[in-house]
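Subject: Structure for you to look at

Hello,

I am passing on a structure that you have not worked with before. Please open it first, and then read the notes underneath.

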Amino acid sequence: PLLFAPLMALIYTRLGIEAFLLFALILVTASLITRHLAFTSRRLARRVKELDSLRAVGQALSASLDTRTTLAAIYDQVVKLMPAHSFYVALYEAETDEVSFPLAIEDGAPVEWRPRRAGNGLTEHVLRTRAPLLIRENVDTAVQALGLDSIGEPSLCWLGVPLLAGPDPLGVIAIQSHASAETYDASHQEILVTIAAQAAVAIENARLYGRTDEALARRVQELGSILRTTRDGILLLDLDFGVVAANPALAGLLGVAQAELPGKALLDPWPGQAGSLAGLIGYTAAGLAADCANLAQGHDTACKQTVALTGPGERHVERTLTPVHDREGAVSGWLVTLRDVTEEIEHAQLQEDMMRMLVHDLRSPLTVIKGSLDLMGLVHAGGDNEKFQMLLDMARRNDDQLLRMVGDLLDISRLEDGQQPVRPEALDVRVLLEETVAGFGPLFASAQLDVETAVEPDLPTLHADRHLVERVLGNLLNNAIKFTPDGGAIHVWARPDLDQGAGGILIGVTDSGPGIPAEEQARLFQKFHRVDTVQGRWTGTGLGLSFCKLAVEAHGGRIWVESEVGQGSTFVVALPSATG
């Protein structure tokens, strides 16, 4: 104005009032135009700055799938556009109805805010309404008017916008001022809404990526656990028969280091071996190619074959080759599994041997019975009653032996299945031993065996099934008689089980026979097992001791053998007493 004052005075004195008014009008119009241009320029510069920040936000959000990195990039751009000394991002978890605060800034420094249950504050209000909220002043009054709770430090100006991914709210971005009111206006709300829209997509992507990555890591861990713990050998091959993966079980079966397998070709020579890795799993190059071609054409779903491996000890395995298909159904690789069936084959062979032995053992008494019956007819016709009675006794003994064998088989089967009833009763151990030993008197006498029974005084009453225990003692005495030479001694005894205090009784049968080799003792109680290196008075069925073990264990007891070659054997039975 001072610059134009002399000019205005000159125009007024020289040109008159009309020229003065015209010049004043021109001056005012020029001033208004200049002011509007300046305002437009400032607004345009601010808009350019906002757009540049939005572009930077977009670049930052697209550059990372980490939630914390994403939130830090949002704060860096928001603080360039508006006062954001107090800034926070709240994320809502619908499953737990909790609000967490992965990023909170106070006076330019990050702070830790603990998660909380969703309440009734400003943050939860924005989540519920899914709409931005700007309170320029009197924040406490506005909170009360909305029926909300005041949470945290009171603020003078508050702005919050929702993070929306579809219909569900992800969280809230909020800024607040504790120093002055009217810090934020509608333009701040508009730009923050725009940033929140970009941030919501980035946060949702980061969440999905985190869940997918976590699920993938869990699946990889589960797959690794399966590969480590399964007893079957697993070998994954690509289309060129290169090893993609192998588990420890396969390395153990082949006797190679697991770390050596990945990347190796199945058909290439294997270091330290005469052939290839294919040869170690029982494949020839031609056989492998033929099986793969057959599977690729869809003729079979898998190729199975039992082969013998010559790795660390000869093992029999069931080798299975199956194709691996991709999403389109095309063959993308091959899976070889090796299942150790050595025990199954040995068990099958043992069953076959047992069956042969059982048939032989059953045939012997049947042959004797048949022969006795045939001879009895001839002797009866001749009137020789003494010989007739002898043949009749022979037939009866073999018939009894046959029935005992069949009975043992049935009882063992019932005991193994837990179907054999056990009816415990109070038994006097001394009476039980003396009666059982007395039943074998004729056999002791015929073999000239010295038999002694010793029961310690004050022994507690036995709590057991009389029938089963008598059969157990009978089998042990029968074994002792069978293997004790003529003129030998058998000692039957009973005493308290000191390991169980007053809760158990030990019953033992000691003989002066040849003893049992140590390597045979572990298998002595298996069905049909017989010690071929020790010869007895007669051939057994291999069922007696197996029955003893099952019957004793059905009582909750134990049975074992103590023996040295040339020193005789002692079979010990531990059973509970009535007081135990």
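The notes below go from the whole chain to one sheet, then to a cavity and a short helix.

Please keep in mind that this is a predicted model. The chain has 580 residues, of which 38% count as buried. Its secondary structure comes to 16 helices and 19 strands. Among contacts with a separation of 6 or more, 58% are between residues 24 or more positions apart.

The sheet

There is an open sheet of 5 strands, with mixed pairing and the order 14-16-17-19-18. Strand 14 (450–455) and strand 18 (558–563) are the edge strands, and each of them pairs on one side only. From one strand to the next, the twist averages 15°. Strand 18 runs antiparallel to strand 19 (residues 569–576), and 6 bridges join the two. One residue pair can be picked out here: arginine 558 has alanine 574 in strand 19 as its bridge partner.

Helix 14 (residues 466–483) packs on this sheet. The helix touches strand 16 (489–496), strand 17 (504–511), strand 18 and strand 19, and its direction makes about 25° with that of strand 17.

The cavity

Rolling a probe the size of a water molecule over the atoms shows where empty space is left. In this model the count comes to 1 cavity of 30 Å³ or more. The largest cavity holds about 60 Å³ of space.

Which residues line the largest cavity? They are Leu468, Val469, Val472, Leu473, Ala551, Val552, His555, Val573 and Leu575. Helix 14, helix 16 (544–554) and strand 19 each give two or more residues to this lining. The largest share, 4 residues, comes from helix 14, the helix that also packs on the sheet. By type, the lining divides into 8 nonpolar residues, 1 polar and no charged.

The short helix

Elsewhere in the chain, helix 4 covers residues 122–129. Is helix 4 mostly covered or mostly open? It is mostly covered, with 6 of its 8 residues buried. The buried ones are Leu122, Thr123, Glu124, His125, Val126 and Leu127. Arginine 130 follows helix 4, and its phi is positive, near 55°.

If you want a place to begin, go to helix 14: it touches four of the strands named above, strands 16, 17, 18 and 19, and gives 4 residues to the lining of the largest cavity.

Regards

Methods. Residues are numbered from 1 along each chain as its sequence is written. This is a predicted model: local features need pLDDT of at least 70, side-chain atom pairs count only at pLDDT 80 or more; totals for chains, interfaces and linings use all residues. Side-chain values use heavy atoms; hydrogens and water are left out. Two strands pair if DSSP finds at least two bridges between them. Axes are lines fitted to C-alpha atoms, for helices over the stretch in contact, and angles run from 0 to 180 degrees between N-to-C directions. Contact means heavy atoms within 4.5 Å. On a 1 Å grid over the protein atoms alone, a cavity is a set of points where a 1.4 Å probe fits but cannot get out, and a pocket is an open set with protein on both sides within 12 Å along at least five of seven lines; lining residues have an atom within 4 Å of a point. Grid points are joined across faces, edges and corners, and a volume is the space filled by probe spheres set on the points. Ala, Val, Leu, Ile, Met, Phe, Trp, Tyr, Cys and Pro count as nonpolar, Asp, Glu, Lys and Arg as charged, and the others, Gly among them, as polar. Buried means under 20% relative accessible area, exposed over 50%, partly exposed in between (1.4 Å probe, protein chains only).
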